[in-house]
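The following exercises are to be worked through with the sequence and the coordinates at hand. Each task is followed by a solution in steps.

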Amino acid sequence: TVGGLTGFAYNILHCTVHATVTGRGSYVGGLAGGAAAVVQDCFVEVTVEGDAGYVGGLLGVGDYGATVENCRVKGAVTAAGDYVGGLTGYCNCVVTDSIAEIVVSGNSRVGGLIGHYMRNDTLRDCHATGAVSGGSEVGGLIGYNDSGAVEQCYAAVDIIANGEAVGGLIGRVYRWVTWKSYATGSVYAPGASAVGGLIGHM
């Protein structure tokens with residue numbers, strides 16, 4: 001795991017990082033490659049590059065009941081693999097009041113905020129702005145929403161994708177609900193299937 005502050009985090013509070021982070025292999029983040037506890041009140045201005053997957057502007061992976069609250073990411077995230085997000089690439093964690101102002105590029109499960117969200121909880125009061133590009137399961141906020149509710153969130157993101165399940169807010173929704181949320185920006189997906197201004201496939 002590779003991060004601008006630490007490879008793996010437990011509790012990180014009230015921190016600021018300005019960095020360029022380049023990692024080989026999975027689990028690369030602007031703040032930390034992975035986290036398993038509380039990440040709160042952090043600002044990260046970064047360029048993050050990974051040659052594989054699980055790459056994010058704040059965290060590569062947020063797992064094991066991690067909590068991300070009141071965090072902001074600004075910059076760019078580029079990865080050659082899957083699970084790529086402006087805030088976190090793979091998220092099995094609670095996320096509230098967080099923002100990504102970001103340019104994100106990856107393969108599949110790529111999102112302006114989160115690449116793959118699978119917490120059986122609620123993503124609340126978050127937004128992403130900027131641009132996202134990828135192949136399949138690409139969204140302005142979330143690439144693939146496996147089991148999380150999305151409440152009072154938005155994406156103002158321009159999207160370019162060429163695969164399946166591309167949406168202005170969420171690329172693919174497996175289950176759960178979305179309410180009081182919206183998307184603006186363009187969705188350009190020539191030759192793609194299951195494309196929507198809000199949700200690509202559900």
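Rings of Phe, Tyr and Trp (its six-membered ring) pair if their centres lie within 6.5 Å; planes under 30 degrees apart count as stacked, over 60 as edge-to-face and the rest as tilted. The model under study is predicted.

**Exercise 1. Aromatic pairs**

Task: Determine how many aromatic pairs a search of the whole structure finds, and classify the pair of Tyr54 and Tyr83.

Solution. Step 1: The search of the whole structure yields six aromatic pairs. Step 2: A pair of aromatic rings is described by the distance of the centres and the angle of the planes. Step 3: For Tyr54 and Tyr83 the ring centres are 4.6 Å apart and the planes meet at 15°, so this pair is stacked. Step 4: Tyr54 belongs to the loop between E6 and strand E7 (55-56), and Tyr83 to the loop between strand E10 (72-79) and strand E11 (84-85), so the pair ties together parts that are 29 residues apart in sequence. Step 5: The relative accessibility of Tyr54 is 23%, so Tyr54 counts as partly exposed; Tyr83, at 18%, is buried.

Task: Carry out the classification for Tyr154 and Tyr182.

Solution. Step 1: Their ring centres lie 5.1 Å apart with the planes at 5°, so the pair is stacked. Step 2: Tyr154 is part of strand E22 (residues 154-161) and Tyr182 of strand E26 (residues 182-184), so the pair ties together parts that are 28 residues apart in sequence. Step 3: Tyr154 is partly exposed at 26% relative accessibility, and Tyr182 is partly exposed at 45%.

Task: Which residues do ring pairs link into a cluster?

Solution. The cluster consists of Tyr27, Tyr54, Tyr83 and Tyr90.

**Exercise 2. The nonpolar core**

Task: Identify the residues that touch the most other members of the largest nonpolar core, and state where the largest share of the core comes from.

Solution. Step 1: The core holds 54 residues, among which Leu58, Leu123 and Leu141 touch the most other members. Step 2: Strand E6 (residues 38-50) supplies the largest share, five residues. Step 3: With residues up to four places away in sequence left out, the contacts of Leu58 include Leu31, Val39, Val44, Val68, Cys71 and Leu87.

**Exercise 3. Two local environments**

Task: Is Glu151 buried or exposed, and what is it in contact with?

Solution. Step 1: Glu151 is located in strand E21 (residues 149-151). Step 2: Its relative accessibility is 14%, and the cut-off for buried is under 20%, so Glu151 counts as buried. Step 3: Apart from neighbours within four places in sequence, Glu151 contacts Thr122, Leu123, Arg124, Asp125, Trp179 and Ser181.

Task: Describe the surroundings of Gly81.

Solution. Step 1: Gly81 sits in the loop between E10 and E11. Step 2: Its relative accessible area is 11%, so Gly81 is buried. Step 3: Beyond neighbours within four places in sequence, Gly81 is in contact with Ala52, Gly53, Gly106, Asn107 and Ser108. Step 4: Between the C-alpha atoms of Gly81 and Cys91, 10 residues apart along the chain, the separation is 16 Å.

**Exercise 4. The chain as a whole**

Task: Summarise the secondary structure, burial and contacts of the protein.

Solution. Step 1: The protein has 29 strands and zero helices. Step 2: Of its 202 residues, 55% count as buried. Step 3: Among contacts with a separation of 6 or more, 78% involve residues 24 or more positions apart.

Key
Residues are numbered from 1 along each chain as its sequence is written. This is a predicted model: local features need pLDDT of at least 70, side-chain atom pairs count only at pLDDT 80 or more; totals for chains, interfaces and linings use all residues. Side-chain values use heavy atoms; hydrogens and water are left out. A nonpolar core is a set of buried Ala, Val, Leu, Ile, Met, Phe, Trp, Tyr and Cys residues joined through side-chain atoms within 4.5 Å. Buried means under 20% relative accessible area, exposed over 50%, partly exposed in between (1.4 Å probe, protein chains only). Helices (H or I, at least four residues) and strands (E, at least two) are DSSP runs, numbered from the N terminus. Contact means heavy atoms within 4.5 Å.
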